[in-house]
Amino acid sequence: MTDVLDRTASPVRSAPGRRPFWTTRRRDQLTAYAFITPALLGALAFVFLPLVLVVWYSLHEWNVLADTFNFVGAENYRKLADDPNVPAVLRATAFFSIGLVVLNLALALLLAVLLNQKLRGTTFFRVLFFSPVVVSLLAWTIVWGFLLQDNGGLNGLLDAIGIDGPNWLRSGGTAMASVVIVQVFKNVGLNMVLFLAALQGVPQELYEAARTDGAGPWTIFRRITLPLISPTILLTSIITVVGSLQVFAQISVLTQGGPGTSTTVLVYYLYQQAFQFHAFGYGATLSVVLFLIVLALTVLQWQMRKRWVFHEH
Amino acid sequence: MSIRTKVFLYGVLLVLCVPFVFPTWWMITSSFKPNAEIFSPSLWPSSWSFEPWRQVFTMQPFAQQYFNSAYIAVVVTLGTLVVASMAGYAFARIRFRGQNVLFLLVLTGLLIPSEVTIVPLFRIFNSLGLVDTHWPLILVPMLGPPSVLATFIMRQFFITLPGELEEAARMDGLGRPAIFRRIALPLARPALGAVAIFTFLHSWNLYLEPVVYISTRTKYTLPQALTQFTDAYQGQLWNVQLSAASMTAIPVLIVFVLAQRQFIEGLAHTGLKG
């Protein structure tokens, strides 16, 4: 198609003595619109249209089985405020997200600093730490479910050293922590390599200058390394926070939201309401809540960057 | 660095490796254990049983499900590469009216996870008669949120290309489409690689969408199929489930080990460097 445009655009076709209509600039613009059309149409059809619809649906009482679709105004939002499960769901979501982000970033930074030492074999260790990222999510989750069973591998190992381990995924105190840990090990490698790239970008002269000034390793880390890699910390924390709010498969396979509602995070609750209880209107309301949380957290992190991210372009 | 520091660092690295490597090791070795032995904490099967690996195929149309996941992931990856590289190039290298507004629109798309829109999307696909087909699993990732991220990454890459290259090509009489195809795309190989890897993994791991959209066993994708080995009448067939899990993990792991530099450095240096 673009070839046809090029041909009609060739100056040979235009009448002699007149400025050709198809100037380079015009042709460029046309190409640009053609190039962005698939992406834009896709974003409109599969991101923005459903986003508008989800708000519209949240104003309806809509049960697929009963085939009802009635405008009820803010009724679903009142239901949300009265739903006794909602505080527990929000608590579980916050617990999961905070636990995941803190542990993930701390461990990723630790691993990156270790791999940034002048040691032989760091490439080998980098491959090992990264490998869970490429193991399929369900395979990883299933094998951890197997390991964390009451009579599973972890308790077998603990038994060997005389410790009676809990039923990790079935007791309220450990279920959520277990899900967090499983997910940390799954994806920490991604943040690790981003941190590693950032660490390798810190100019060596700065370290040498600081050492000459008599700064200790901890001071150097806090005063030089951390500020210089703060843009990466911002980026990884945004990605990790948004990702943590999307967790579904791990919950669905490991705990099904239980015991009780202790691991029922927002996406899982949304799925239950919409696709198990067929309350689509209420499911849409929960989707709106999820969207607002993602939006608020991203805006908050972006605002906070002024206070702690070092260099900005 | 003193020997003692080195020994200490290696010790720390080895201990830290355990939770990363051990589960995969356990998954693969346990898949060869006979069911009676499955809960023994041994790191190696006492006798190798290939029975679980065979059962994977008799309990479910696993080859078909494998094919489903593979072809969907390939189509999504190729489609995303085309859509995202074209849009990313236009946003980065061409000045056009509405550019900033439209790019802002794309950026906003980054804030909307597909979980938010699953209810209306289900409704849309239902009214199109596309529920229980693979279309939602192909169209949404290829054109929806993950593709938006890919567009952003490609734009960030193309913006770093030196303008002289394009000027020179223009002097030689190349039009925009030709410059894109012959100059920009070949230079973008590392970024395209990174986008391809994360798009493939995203599609390969997709779980909520298949659970919502697909109900016919022969149309299942792998993540969905993997969870179905538990409900067998003989109780939980862990070794069969772990065999199936191994089969989904091993091919990707092999590709990763062979091309680990491209995987890791591609993602680290071009992928998300913003």
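This report describes a predicted model of chains A and B, taking the chains, their contact and selected residues in turn.

## Chain B: overall make-up

Chain B contains 14 helices and 0 strands. Read from start to end, the pattern of chain B is accordingly α-α-α-α-α-α-α-α-α-α-α-α-α-α. The C-alpha trace of chain B spans about 70 × 70 × 30 Å along its principal axes.

Of the 274 residues in chain B, 47% are buried. Contacts in chain B between residues at least 6 apart in sequence are largely long in sequence separation: 75% of them join residues at least 24 apart.

## Annotated spans of chain B

An unreviewed UniProt entry places the feature "transmembrane region" at residues 7–28, 70–92, 101–125, 137–158, 179–201 and 238–259 of chain B. Two of these spans can be set against the model. Residues 7–28 of chain B are 100% helix and 0% strand, with end C-alpha atoms 30 Å apart. Residues 179–201 of chain B are 96% helix and 0% strand, and the C-alpha atoms at the ends of that span also lie 30 Å apart.

L16(B) sits in helix α1 of chain B, which runs over residues 3–30. L16(B) has 17 other C-beta atoms within 10 Å and is therefore partly exposed, since a buried residue needs 20 or more and an exposed one has 12 or fewer. Between L16(B) and T77(B), 61 residues apart along the chain, the C-alpha separation is 33 Å.

## Helix α10 of chain B

Helix α10 of chain B covers residues 189–205, a run of 17 residues. At 1.5 Å a residue the helix should span 24 Å, and its end C-alpha atoms are 24 Å apart, so the expected and modelled values agree. The expected value takes 1.5 Å times one less than the number of residues. Helix α10(B) is mostly covered, with 13 of its 17 residues buried.

## Chain A: domains and annotation

The domain assignment divides chain A into domain 1, residues 2–57, and domain 2, residues 76–308. The C-alpha centres of domain 1 and domain 2 of chain A are 41 Å apart.

According to an unreviewed UniProt entry, the annotation "domain: ABC transmembrane type-1" covers residues 90–301 of chain A. In the model, residues 90–301 of chain A are 75% helix and 0% strand, and the end C-alpha atoms of the span are 19 Å apart.

## Contact between the chains

In the contact between the two chains, 79 residues of chain A meet 78 residues of chain B. Helix α2 of chain A, residues 24–57, gives the largest share of the chain A side, 21 residues. By class, the chain A side has 60 nonpolar, 14 polar and 5 charged residues.

F248(A) lies in the loop between α10 (217–244) and α11 (249–254) of chain A. F248(A) counts as buried because it has 20 C-beta neighbours inside 10 Å, and 20 is the count from which a residue is classed as buried. Leaving aside residues up to four places away in sequence, F248(A) touches V267(A), Y268(A) and Y271(A) in chain A, and E115(B), Y207(B) and L208(B) in chain B. F248(A) and L194(A), 54 residues apart in sequence, are 25 Å apart in space from C-alpha to C-alpha.

## Backbone exceptions

Most residues other than glycine have a negative phi, and most peptide bonds are trans. The loop between α11 and α12 of chain A holds Q256(A), and P259(A) is found there too, with α12 covering residues 266–276. Q256(A) is not a glycine, yet its phi is positive, about 50°. With 13 other C-beta atoms within 10 Å, Q256(A) is partly exposed. The peptide bond from G258(A) to P259(A) is cis, and its omega is near -5°.

In chain B, D132(B) also has a positive phi, near 65°, and is a residue other than glycine. D132(B) is placed in the loop between α5 (118–127) and α6 (135–143) of chain B. D132(B) has 14 C-beta neighbours inside 10 Å and so counts as partly exposed.

Methods: Residues are numbered from 1 along each chain as its sequence is written. Chains are lettered from A and ligands numbered from 1 in the order in which they are written. This is a predicted model: local features need pLDDT of at least 70, side-chain atom pairs count only at pLDDT 80 or more; totals for chains, interfaces and linings use all residues. Two residues are in contact if their C-beta atoms, placed from the backbone, lie within 7 Å. Helices (H or I, at least four residues) and strands (E, at least two) are DSSP runs, numbered from the N terminus. Ala, Val, Leu, Ile, Met, Phe, Trp, Tyr, Cys and Pro count as nonpolar, Asp, Glu, Lys and Arg as charged, and the others, Gly among them, as polar. UniProt positions are given in the numbering used here, feature names are shortened, and annotations may be inferred rather than shown by experiment. Domain bounds come from an automatic or database domain assignment.
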